[in-house]
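Colleague: I would like to learn how to read a model of this kind before I take it back to the bench. Could we go through it one feature at a time?

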Amino acid sequence: MIRLHQRAAAVAAVAGILSLVLPATLSAETVGVPSLPTTPDDYIDYAVTSLPTHFKIGPTGNADNTPVDNPITNAGAALGRALFYDERLSHSGGVSCASCHQQANGFSDPDQFSEGVDGLTGRHSMGLSNSAIYASGSFFWDERATTLEDQVLQPIENSVEMGGDLDVLRGELAVTEFYPVLFQEAFGDSQITDDRISKALAQFVRSMASYQSKFDEAFTPANPINPDFDSVFTEQEQLGATIFHARGSCSTCHTTNAQVGNNVHNIGLDANNSSDEGAGNGAFKTNSLRNVAVRDGYMHDGRFSTLEEVVEHYSSGIQNNPNLDRALPVGGFGFTAAEEAALVAFLETLTDDTFLNSELFSDPFVTLTGDYNDDGIVDGDDLGTWVTGYGSPASSGSFLEWQQNLGFSWLDLRSSATVVSGAVPEPSAVILLALGAGALTMRRGRRGGPP
């Protein structure tokens with residue numbers, strides 16, 4: 001009984017000390033830590049080595065925009081995956097790249113516009129499938145970013161989208177237990193720079209190759225140039241493919257086996273080009289049609305919510321304007337109802353369920369129980385964060401979680417891929433007091449910013 005009173009007194013003392021020296025804020029939901037394997041997943045095999053031949057040769061292979069100084073690496077893409085899903089990149093800590101680019105929707109957004117830190121975005125989130133297959137390498141609907149490396153940083157500091165600050169972000173990443181390790185593995189040392197953040201994110205996005213759809217089944221290693229659609233497609237899908245490549249002129253813009261073009265086009269959405277000039281004269285980037293059937297939003301402004309509406313636009317809704325693409329007839333192609341249904345059926349063959357459900361591209365973040373400041377280790381800093389957020393240690397079971405998991409880190413998750421809870425003996429009163437005495441020193445040492 002005396003020992004219990006001593007422990008309670010020690011805990012109270014630590015709580016009092018840490019509430020004074022660690023004025024942190026405890027959020028309602030933690031950001032979490034990445035649960036990544038010790039040996040990185042094999043992105044090289046998926047996105048480079050195992051690419052089918054019909055993606056490696058001809059116009060598709062020639063459209064690869066991967067720069068010489070930033071090829072896909074396993075460690076680099078794994079780091080990019082963590083950054084892509086990390087809400088630390090935003091000012092509010094509540095928005096990540098994946099908030100607007102969701103895997104289940106082909107890394108687009110099911111909503112017309114995405115919710116950023118300060119309202120809705122002005123354009124629909126573009127799908128990211130096969131971003132490596134775009135010869136010019138320019139990105140955004142208006143192609144204002146000349147490379148993918150340039151593009152991935154811009155949403156971070158955009159005041160509406162993520163509202164972050166790269167100078168602040170570098171410091172926030174540096175004081176975690178895991179990012180210095182991940183940067184070390186990806187780039188040879190633990191230095192965190194804007195260039196490395198950019199390169200890692202670009203590697204992850206370029207690794208999003210989508211090549212295992214029904215459409216791709218028509219290609220074989222022995223015949224990678226002339227697909228055998230007759231043996232794979234239904235009669236309706238075959239009709240849709242014929243319209244896509246012939247009468248409908250769809251493949252004039254959506255070229256290559258990834259159905260992505262290298263030029264911007266005005267497709268007659270508005271007679272007066274509306275208020276959004278895009279890349280100029282109402283022309284916009286030609287995005288890949290891979291996984292288009294699961295996007296739930298189409299065109300730069302997301303005005304269409306179904307593929308049927310998209311096809312109807314090309315059938316009867318093409319508006320005349322001075323900058324209309326020459327391949328498109330004013331008014332539309334006049335498809336029959338059967339032809340419209342066939343086009344939709346063909347576009348649905350571009351859905352790649354393997355890609356949409358691949359763990360390679362899923363959210364790696366999990367909760368490390370007791371890690372209340374999300375730095376990747378359960379230590380004295382967390383108790384201070386918890387006390388500031390909750391007050392007296394007796395007021396919540398969270399304090400017990402911290403006690404039980406003291407000393408656990410993201411490395412334990414990395415080796416076991418499970419969230420361990422309650423496996424650590426309760427710390428003694430002496431340890432608790434030592435943590436309190438050393439908390440300020442620990443915090444200063446680990447909050448000093450990037451190396």
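**Reading burial, cores and cavities**

Modeller: Let us start with a single residue: D325 is buried, with a relative accessible area of 17%, where buried means under 20% relative accessible area, exposed means over 50%, and partly exposed lies in between (1.4 Å probe, protein chains only). This is a predicted model, in which local features need pLDDT of at least 70 and side-chain atom pairs count only at pLDDT 80 or more, while totals for chains, interfaces and linings use all residues. Residues are numbered from 1 along each chain as its sequence is written, and side-chain values use heavy atoms, with hydrogens and water left out.

Colleague: Where does D325 sit in the chain, and with which residues is D325 in contact, leaving aside its neighbours within four places in sequence?

Modeller: D325 belongs to the loop between α14 and α15, the helices (H or I, at least four residues) and strands (E, at least two) being DSSP runs numbered from the N terminus. Once the neighbours within four places in sequence are set aside, D325 is in contact with H265 and N266, contact meaning heavy atoms within 4.5 Å. In addition, D325 and G268 are 7.8 Å apart in space, C-alpha to C-alpha, although 57 residues apart in sequence.

Colleague: What does the chain as a whole look like in terms of helices, strands and buried residues?

Modeller: The chain has 20 helices and four strands, and of its 451 residues 53% are buried. Among contacts between residues at least 6 apart in sequence, 69% join residues at least 24 apart. The accessible surface, from the Shrake-Rupley method with a 1.4 Å probe, comes to about 19,100 Å², and 53% of that belongs to carbon and sulfur atoms.

Colleague: How should I read a nonpolar core, and which residues touch the most other members of the largest one?

Modeller: In soluble globular proteins, nonpolar side chains tend to be buried together. A nonpolar core is a set of buried Ala, Val, Leu, Ile, Met, Phe, Trp, Tyr and Cys residues joined through side-chain atoms within 4.5 Å. Here the largest core has 69 residues, and those touching the most other members are L83, F84, Y179, I197, L201 and F361. Helix α5 (residues 74–85) supplies the largest share of this core, eight residues. Apart from it lies another core of 29 residues, which includes F233, L289, F304 and V344.

Colleague: What are the contacts of Y179, and of A200, beyond neighbours within four places in sequence?

Modeller: Y179 is in contact with L79, A82, L83, D86, L173, I192 and F365, leaving aside neighbours within four places in sequence. A200 lies in helix α11 (residues 194–206) and counts as buried at 0% relative accessibility; with neighbours within four places in sequence likewise set aside, A200 is in contact with G76, L79, G80, L83 and F187. A200 and N70 are 130 residues apart in sequence, yet their C-alpha atoms are 8.6 Å apart in space.

Colleague: How many cavities of 30 Å³ or more are there, and what lines the largest cavity?

Modeller: Rolling a probe the size of a water molecule over the atoms shows where empty space is left. On a 1 Å grid over the protein atoms alone, a cavity is a set of points where a 1.4 Å probe fits but cannot get out, and lining residues have an atom within 4 Å of a point. The structure holds two cavities of 30 Å³ or more, and the largest cavity contains about 710 Å³ of space, a volume being the space filled by probe spheres set on the points, which are joined across faces, edges and corners. Its lining has 44 residues, of which H254, I267, M299, V310 and Y314 are the closest to its centre. Helix α14 gives the most to the lining of the largest cavity, with four residues.

Colleague: Which residues other than glycine have a positive phi, and where are they found?

Modeller: Most residues other than glycine have a negative phi, and most peptide bonds are trans. In this model E143, which is not a glycine, has a positive phi of about 55°, and E143 is placed in the loop between β3 (119–120) and α7 (148–151). N281 is another residue other than glycine with a positive phi, near 60°; N281 is in the loop between α13 and α14 and is partly exposed, with a relative accessible area of 44%.

Definitions and conventions:
On a 1 Å grid over the protein atoms alone, a cavity is a set of points where a 1.4 Å probe fits but cannot get out, and a pocket is an open set with protein on both sides within 12 Å along at least five of seven lines; lining residues have an atom within 4 Å of a point.
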